[in-house]
Amino acid sequence: MEHDNILKSIGPQGFLLPCPIFLVGSYHTNADGEKVPNIMTAAWGCLCSAQPPAVAVAVRGSRQTHKAIHKHKAFTLSIPDTAILPETDYCGIFSVAQENKFDRTKFTPVPAEHVDAPYVKECPVVIELTLMKHVDVGTHTLFIGEIMDVKIRESCLNAEGMPNPKDLNVPAYIPMLREYWGLGEFKAKAFGVGKTIVASKISE
Ligand SMILES: Cc1cc2nc3c(=O)[nH]c(=O)nc-3n(C[C@H](O)[C@H](O)[C@H](O)COP(=O)(O)O)c2cc1C
């Protein structure tokens, strides 16, 4: 395929496209030693193992969530839909050190079934994780969690029990621009559309 693709360097920076958006759930310990449910917005994360199924999320050392994950060796990822973007963004601007984010957003904290962390009832996807290991990488710590359970809003599942991206309506995050975008339209089947390249080669 021939087309003009002039690439301009923007230098080394934290950039990847697109990024997911999670609300990382953990139990914060307040000044009175009480266990308080907390959530923080995170965009730096990805699947990192199929067996055991695992996700890695990068959390800066200064976050209260950083301490909480170390303490409880567990966290959750609640994936929001675009309807709750203001609340989601708020959880990335304020720390539990300033105020209780569940109280402010009116999100409902639910104790996870399998791990010692809370999740957000209002999110269409929830992942429960136990901490497998952590790796300090510059400013952030990569917390690698083994997936103990995934919950998906029932109304977003089709007859075969598969998630429907349109109904889930989850946002993607664009670093540098600091913008949330929608997912857009279905384009092609993965592990499928690539085979058309081979087929066209054969017919040449
Ligand atoms: C869109 C967005 C993405 C963010 N991604 C991350 C991230 O991946 N890792 C991180 O450490 N902080 C990230 N933050 C910042 C934290 O969410 C923020 O510092 C939060 O106040 C920490 O809360 P806590 O102190 O209650 O844990 C992000 C914020 C926003 C708005």
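This briefing walks through a sheet, the surroundings of a ligand, and some unusual backbone sites in one structure. The model is a predicted one, and every value below was computed from it. An open sheet of seven strands, paired in antiparallel fashion, is described first, and helix H1, which packs on that sheet, follows with it. The ligand has 21 residues around it, and the last groups turn to two cis peptide bonds, one before Pro18 and one before Pro52, and to positive phi values at Asn169 and Phe191.

**The sheet and its helix**

- Strands of a sheet pair through backbone hydrogen bonds, and this pairing can be either parallel or antiparallel.
- In this model, seven strands form an open sheet in the order S2-S1-S5-S8-S9-S4-S3, and the pairing is antiparallel.
- S2 and S3 are the edge strands of the sheet, since each of them pairs on one side only.
- Neighbouring strands of this sheet are turned against each other by 35° on average, with direction ignored.
- Within the sheet, S4 and strand S9 (residues 140–152) run antiparallel and are joined by seven bridges, and Val57 has Phe143 in S9 as its bridge partner.
- Helix H1 packs on the sheet, where it touches S1, S2, S4, strand S5 (74–79), strand S8 (125–137) and S9, and the direction of H1 makes about 70° with that of S1.

**Around the ligand**

- Of the 21 residues around the ligand, the ones that come nearest are Met40, Trp44, Thr65, Gly92 and Ser95.
- Strand S2 (35–42), strand S4 (54–60) and helix H1 (64–72) each supply at least two residues of the shell around the ligand, and S2 gives the most, with four residues.
- By residue type, the shell around the ligand divides into eleven nonpolar, seven polar and three charged residues.

**Cis peptide bonds**

- Most peptide bonds are trans, which is the background against which the next two sites can be read.
- Leu17 and Pro18 are joined by a cis peptide bond with omega of about -10°, and Pro18 is found in the segment before strand S1 (22–29).
- Pro18 counts as partly exposed because 15 other C-beta atoms lie within 10 Å, a number between the limits of 12 or fewer for exposed and 20 or more for buried.
- Leaving aside residues up to four places away in sequence, Pro18 touches Ala172, Tyr173 and Ile174, and Pro18 and Leu183, though 165 residues apart in sequence, are 9.6 Å apart in space, C-alpha to C-alpha.
- A cis peptide bond also joins Gln51 and Pro52, with omega of about 0°, and Pro52 is found in the loop between strand S3 (45–49) and S4.

**Positive phi values**

- Most residues other than glycine have a negative phi.
- Asn169, which is not glycine, has a positive phi near 55°, and its place is in the loop between helix H4 (165–168) and strand S10 (172–174).
- Asn169 is partly exposed, because 15 other C-beta atoms lie within 10 Å.
- Phe191, again a residue other than glycine, has a positive phi near 60°, and its place is in the loop between strand S11 (179–181) and helix H5 (195–203).
- Phe191 counts as exposed because it has 6 C-beta neighbours inside 10 Å, and 12 or fewer is the limit for that class.

Note on methods
Residues are numbered from 1 along each chain as its sequence is written. This is a predicted model: local features need pLDDT of at least 70, side-chain atom pairs count only at pLDDT 80 or more; totals for chains, interfaces and linings use all residues. A residue is near a molecule or strand if its C-beta atom, placed from the backbone, lies within 6 Å of it. Ala, Val, Leu, Ile, Met, Phe, Trp, Tyr, Cys and Pro count as nonpolar, Asp, Glu, Lys and Arg as charged, and the others, Gly among them, as polar. Two strands pair if DSSP finds at least two bridges between them. Axes are lines fitted to C-alpha atoms, for helices over the stretch in contact, and angles run from 0 to 180 degrees between N-to-C directions. Two residues are in contact if their C-beta atoms, placed from the backbone, lie within 7 Å.
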